[in-house]
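Q: I have a protein model open in front of me and I would like to learn how to read it. Could we go through it together, one feature at a time?

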Amino acid sequence: MLKYILLLTICICALAHSAFACACGSTGSPKESLRKSAAVFSGKVIQIEQDKVQFKVLEGWKGVTKKEVWLTQSPSSNCDYHFKKGSDYLVYAYAPQDKKKSEILGTSICTRTRELAKANDDIVELGEAQYRPTDK
């Protein structure tokens, strides 16, 4: 009987873990992702709060016209991209579904967002940035 209870417990735990996993399809090419994204930019993480991350914009390809950008994040979500303060990233961001927070963008591990040092192929394909803050 104990074996069956242990087996049932393992099965339940395995199913519960997979239920919380992200289901990501193909992210497509950098240009495809640029077209689908609300904003695409490179930036340095300057502040991390519990539910958002602040970036200093280095360059912008789409949807960026300010020197700083905020992204939402949920510390409990497996799907959020986990940023490190002081690190540089190429970010593909989407507009939030909550219209009240329309100035704050979001991203996830299901986008092409990645460390800037690992995004050379994307940078080449995206071409020249459309926005560069005057004082980096």
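A: Happily! Let us begin with a term: strands are DSSP runs of at least two residues, numbered from the N terminus. With that label in hand, you can place Gln54 in strand S2. Keep in mind as we go that this is a predicted model.

Q: Where does strand S2 sit in the sheet, and in what order do the strands come?

A: Reading a sheet starts with the order of its strands. Here 6 strands form an open sheet, and the order is S5-S3-S2-S1-S4-S6, with mixed pairing. S5 and S6 are the edge strands, each pairing on one side only.

Q: How many bridges join S1 and S2, and in what sense do they pair?

A: Two strands count as paired if DSSP finds at least two bridges between them. S1 and S2 are joined by 8 bridges in the antiparallel sense, and they form a hairpin with 3 residues between them. To see one bridge for yourself, look at Val45, whose partner in S2 is Phe55.

Q: What do the pairings of S2 with S3 and of S1 with S4 look like?

A: Strand S2 covers residues 52-62 and strand S3 residues 68-72; they pair antiparallel over 5 bridges. Strand S1 (residues 39-48) and strand S4 (residues 88-93) also run antiparallel, joined by 6 bridges. In that pairing, Gly43 stands opposite Tyr89 in S4.

Q: Is Gln54 buried or exposed?

A: The cut-off to remember is that buried means under 20% relative accessible area. Gln54 has 9% relative accessibility, so the residue counts as buried.

Q: What does Gln54 touch, once its neighbours within four places in sequence are left aside?

A: Contacts show which parts of the chain meet. Gln54 is in contact with Lys44, Val45, Ile46, Gln47, Glu68, Val69 and Trp70. With Glu68 there is also a polar contact between the two side chains, at 2.6 Å. For a distance along the backbone trace, the C-alpha atoms of Gln54 and Lys85 are separated by 9.2 Å, and these residues are 31 apart along the chain.

Q: Which residue is the bridge partner of Lys52 in S3?

A: Lys52, found in strand S2, has Thr72 as its bridge partner in S3. Thr72 also appears among the contacts of Lys52, together with Gln47, Trp70, Leu71 and Gln73, when neighbours within four places in sequence are left aside. The C-alpha atoms of Lys52 and Leu71 are 5.4 Å apart, although the two residues are separated by 19 places along the chain. Lys52 has 24% relative accessibility, so the residue counts as partly exposed.

Q: How do side chains point along a strand in general?

A: In a regular strand, side chains alternate between the two faces of the sheet.

Q: How many disulfides does a search of the whole structure find?

A: The search finds 1 disulfide. Cys24 and Cys110 form the bond, with their sulfur atoms 1.8 Å apart. Cys24 is in the loop between helix H1 (2-19) and helix H2 (30-36), while Cys110 is in the loop between strand S5 (105-106) and strand S6 (114-115), so the pair ties together parts that are 86 residues apart in sequence.

Q: Why is this disulfide called left-handed?

A: The handedness comes from a torsion. About the S-S bond of Cys24 and Cys110 the torsion is about -60 degrees, so the disulfide is left-handed. As for accessibility, Cys24 is partly exposed at 37%, and Cys110 is partly exposed at 25%.

Q: Which residues line the second largest pocket?

A: Cys110 is one of the lining residues, and the others are Ser26, Thr27, Ser33, Lys36, Ser37, Tyr92, Ala93, Tyr94, Thr111 and Arg112. The pocket has a volume of about 160 Å³. H2 and S4 each supply at least two residues of this lining.

Q: What can I read about Ser33?

A: Ser33 is in helix H2 and counts as buried at 7% relative accessibility. A polar atom of the Ser33 side chain lies 2.8 Å from the backbone oxygen of Thr27. Beyond its neighbours within four places in sequence, Ser33 contacts Thr27, Gly28, Tyr92 and Arg112.

Methods
Residues numbered from 1 in each chain as written. Predicted model: local features only at pLDDT ≥ 70, side-chain atom pairs only at ≥ 80, totals over all residues. Heavy atoms only, no water. Disulfide = S-S within 2.5 Å. Helix = DSSP H or I, 4+ residues; strand = E, 2+ residues; numbered from the N terminus. Buried < 20%, exposed > 50% of the residue type's maximum accessible area, 1.4 Å probe, protein only. Polar contact = N/O pair within 3.5 Å; in protein donor to acceptor, adjacent residues only side chain to side chain. Contact = heavy atoms within 4.5 Å. 1 Å grid on protein atoms, 1.4 Å probe; cavity = no way out; pocket = protein on both sides within 12 Å on 5 of 7 lines; lining within 4 Å. Points joined across faces, edges and corners; volume = space filled by probe spheres on them.
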